[in-house]
Amino acid sequence: MASHRKPRQRPLSGGTARTTAATLALAGAATATAFEGTSQADPRPTPSQVKSEVDRLYEEAEAATEQYNGAKEKADEAERALTGLRDETARKTDQLNTARSALGTLAASQYRSGSLGTAVQLALASDPQEYLSQASFITRAGDRNAAGITTVRRRLDEVGKLRDQAAGQLADLRSKQDELAAHKAVIEDKLAAAKRLLAKLTAEERAAYEAETPAVSPAASPAAPKSSTPPPAPWGHLPAVAGGGSRAARAVAFAYTAIGKPYVWGATGPGSFDCSGLTQAAWRSAGVSLPRTTYTQINAGRRVSRDQLAPGDLVFFYSGVTHVGLYIGNGQMIHAPRPGSTVRLAPVDSMPWAGASRPA
């Protein structure tokens with residue numbers, strides 16, 4: 001009788017970031033597949049069903065986009081650090097070569113004079129590093145070559161340490177690049193699922209969806225306060241603000257000029273933006289440097305309550321702080337909503353409130 005054994009499970013492998021992102025991707029794909037699978041019984045889901053599912057996919061894609069943005073920022077920092085280490089290693093290697101050349105000149109002089117000093121021994125050694133590492137070397141090098149040999153030894157140590165640091169930095173960079181790729185895969189998977197669902201709508205229904213602003217129930221997001229400060233002039237008729245006005249006014253003016261530009265995940269302008277890329281670029285135009293992601297921007301500057309909002313404030317949404325817009329007054333904001341859309345005006349109460357901050 002054949003024995004029945006439970007198949008052995010292979011252990012998981014890979015980095016934490018890759019595993020987490022892959023799990024999210026599989027979960028999102030499974031959900032989308034399940035939703036699309038129901039359409040086999042009902043070949044045409046209702047527009048409201050499609051809208052609900054696509055909204056969810058876009059929200060999850062935006063959360064993954066902010067994680068991607070954070071990982072990219074860290075990868076860029078690691079790459080700059082690696083470049084700096086490589087430049088420093090090259091400089092130290094040049095110094096080492098100069099020191100060894102000077103020692104070689106001295107060795108040649110000793111050889112011509114018939115003296116086989118330590119410099120000559122070093123010049124003839126097949127492995128100078130091993131020779132220099134002998135504990136008794138400096139004691140034996142009591143002649144006038146000792147200073148030069150000590151310099152070579154120090155330069156060798158410096159170059160060795162820098163190369164070790166560069167190797168570690170390279171490993172860190174590759175890890176962050178893997179994390180980037182994992183987040184990118186999650187984003188693309190969710191966007192592809194959303195695209196398949198939208199394809200089930202008619203052209204008119206898709207146009208209606210793209211024109212809409214995501215809506216939530218009043219209970220999920222209480223009404224935004226009405227500011228006593230009127231919003232700026234229509235974006236096509238802005239007053240000149242370069243070199244004048246407050247920084248907040250300049251940030252708002254920039255946001256108006258971005259209206260109509262497409263949402264592209266990971267983009268920071270000038271031709272396209274994602275949500276945090278837009279707010280970062282707006283405040284950068286006013287001379288203020290903001291961090292790259294929604295979850296770091298909310299901690300930039302001073303937190304403000306909803307009833308204290310003023311034009312230029314950053315307004316954040318969803319429990320994971322995954323979306324941000326720029327408040328312009330009268331309960332309105334300018335934001336980059338989602339893939340397939342463009343930068344636009346929208347009510348602050350159109351999404352679940354998470355908080356606000358004032359950069360300046």
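Val321 is placed in the loop between β2 and β3, and its phi is near 50°, a positive value in a residue other than glycine. This is a predicted model, and the points below concern that loop, the sheet to which its flanking strands belong, a helix lying across the sheet, and a buried acidic residue in helix α2.

**The loop between β2 and β3**
- Val321 is buried, because its relative accessible area of 16% falls under the 20% limit.
- Tyr318 also has its place in the loop between β2 and β3, and although Tyr318 is not a glycine, its phi is positive, at about 75°.
- Tyr318 is buried as well, with a relative accessible area of 13%.
- The strands on either side of this loop, β2 (residues 314-317) and β3 (residues 323-329), run antiparallel and are joined by four bridges; Val315 has Gly325 in β3 as its bridge partner.

**The sheet**
- Six strands form an open sheet in the order β1-β6-β2-β3-β4-β5, with antiparallel pairing; β1 (302-303) and β5 are the edge strands, each of them pairing on one side only.
- At the β5 edge, strand β4 (residues 332-335) pairs with β5 in the antiparallel sense over four bridges, and Ile334 has Leu345 in β5 as its bridge partner.
- In a regular strand the side chains alternate between the two faces of the sheet.
- Strand β5 (residues 344-347) has Arg344 and Ala346 on its covered face, whereas Leu345 and Pro347 are on the uncovered one.

**Helix α9 and the loop before it**
- Helix α9 (residues 275-284) lies across β2, β3 and β4, and runs at about 45° to β3.
- In the loop between α8 (247-258) and α9 is Pro270, and the peptide bond from Gly269 to Pro270 is cis, with omega near 0°.

**A buried glutamate without a salt bridge**
- Glu66, which lies in helix α2 (residues 47-112), is buried yet has no salt bridge.
- The nearest side chain of opposite charge is that of Arg292, 5.1 Å away from Glu66, whereas a salt bridge requires a side-chain nitrogen of Lys or Arg within 4 Å of a carboxyl oxygen.
- Leaving aside neighbours within four places in sequence, Glu66 is in contact with residues including Asp274, Cys275, Ser276, Arg292 and Thr322, and Thr293, Thr294 and Tyr295 are also among its contacts.

Note on methods:
Residues are numbered from 1 along each chain as its sequence is written. This is a predicted model: local features need pLDDT of at least 70, side-chain atom pairs count only at pLDDT 80 or more; totals for chains, interfaces and linings use all residues. Side-chain values use heavy atoms; hydrogens and water are left out. Buried means under 20% relative accessible area, exposed over 50%, partly exposed in between (1.4 Å probe, protein chains only). Helices (H or I, at least four residues) and strands (E, at least two) are DSSP runs, numbered from the N terminus. Two strands pair if DSSP finds at least two bridges between them. Contact means heavy atoms within 4.5 Å. Axes are lines fitted to C-alpha atoms, for helices over the stretch in contact, and angles run from 0 to 180 degrees between N-to-C directions. Lys and Arg count as positive and Asp and Glu as negative; His and the chain ends are not counted.
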